[in-house]
Amino acid sequence: MPFTAVSRPMALSGCYDSSAALWDLRSGERAVTLRGHTDGLSRAVFSDPLFRRLVSSSWDRTVKVWDLRRGTELFTFRGHTGPVHGCTVHGELAASVGRDGCLRTWLLPP
């Protein structure tokens, strides 16, 4: 199913089953499920104002960038040596913080 967040009210969830999901608030159904992490998600955030991309962090030590229109993984950032506790996005940069005590910054792919 093609996804257009701006066309309907949506909610985002990051799950301990290692997936992220977008929910259609009108129907209560999952509109998109993103699978690729190998451990629970700690955070998931939209990375652009049109809700086309998502950045997620996980206990699997990675940060992933997702294409919400296709429901596919675009890129994986590796570098933390412990679980990643959270992530945020500002413009073309993502930042993540992990149990390893490191704050890492990442340049998002175009």
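Visitor: Among contacts between residues at least 6 apart in sequence, what share joins residues at least 24 apart?
Guide: This is a predicted model: local features need pLDDT of at least 70, side-chain atom pairs pLDDT 80 or more, while totals for chains, interfaces and linings use all residues. Numbering runs from 1 along each chain as its sequence is written, and side-chain values use heavy atoms, without hydrogens or water. Take contacts (heavy atoms within 4.5 Å) between residues at least 6 apart in the protein chain; the share that joins residues at least 24 apart is 30%.

Visitor: How many strands does the protein chain have?
Guide: Helices (H or I, at least four residues) and strands (E, at least two) are DSSP runs, numbered from the N terminus. Read along the sequence, the pattern is β-β-β-β-β-β-β-β-β-β. There are zero helices, and the strands number 10.

Visitor: What percentage of the residues of the protein chain count as buried?
Guide: The C-alpha trace spans about 40 × 30 × 15 Å along its principal axes. Relative accessible area sets the class: buried is under 20%, exposed over 50%, partly exposed in between (1.4 Å probe, protein chains only). Of the 110 residues, the buried part is 45%.

Visitor: Which element gives the most residues to the largest nonpolar core?
Guide: A nonpolar core joins buried Ala, Val, Leu, Ile, Met, Phe, Trp, Tyr and Cys residues through side-chain atoms within 4.5 Å. The largest one has 11 residues, including M10, A20, L34, L41 and W66. Elements giving it two or more residues are β2 (19-24), β3 (30-35) and β4 (41-46). With three residues, the top contributor is β3.

Visitor: How many residues make up the second, separate core?
Guide: V65, V84, C87 and L108 are among its members. This core is separate from the one that holds L41. Its size is 10 residues.

Visitor: Is K64 buried or exposed?
Guide: K64 lies in strand β6 (residues 62-67). Leaving out residues up to four places away in sequence, K64 touches G36, H37, L54, V55, S56, E73, F75 and T76. Its relative accessibility is 5%, so K64 counts as buried.

Visitor: How far apart in space are P109 and V65, C-alpha to C-alpha?
Guide: P109 lies in the segment after β10 (103-107) and is partly exposed, at 24% relative accessible area. Beyond residues up to four places away in sequence, P109 touches R53, V65, F75 and F77. P109 and V65 are 44 residues apart in sequence, but their C-alpha separation in space is 8.4 Å.

Visitor: Which kind of aromatic pair do F46 and F51 form?
Guide: Phe, Tyr and Trp rings (six-membered ring for Trp) pair if their centres lie within 6.5 Å; planes under 30 degrees apart count as stacked, over 60 as edge-to-face, the rest as tilted. The count here is three aromatic pairs. For F46 and F51, the centres are 4.7 Å apart, with 80 degrees between the planes, and the pair is edge-to-face.

Visitor: What is the relative accessible area of F51?
Guide: Its ring partner is F46, which is partly exposed at 27%. F51 is also partly exposed. The relative accessible area of F51 is 30%.

Visitor: Which residues do ring pairs link into a cluster?
Guide: Two of the members already came up: P109 touches F75 and F77. K64 touches F75 as well. The ring-pair cluster consists of F75, F77 and W106.
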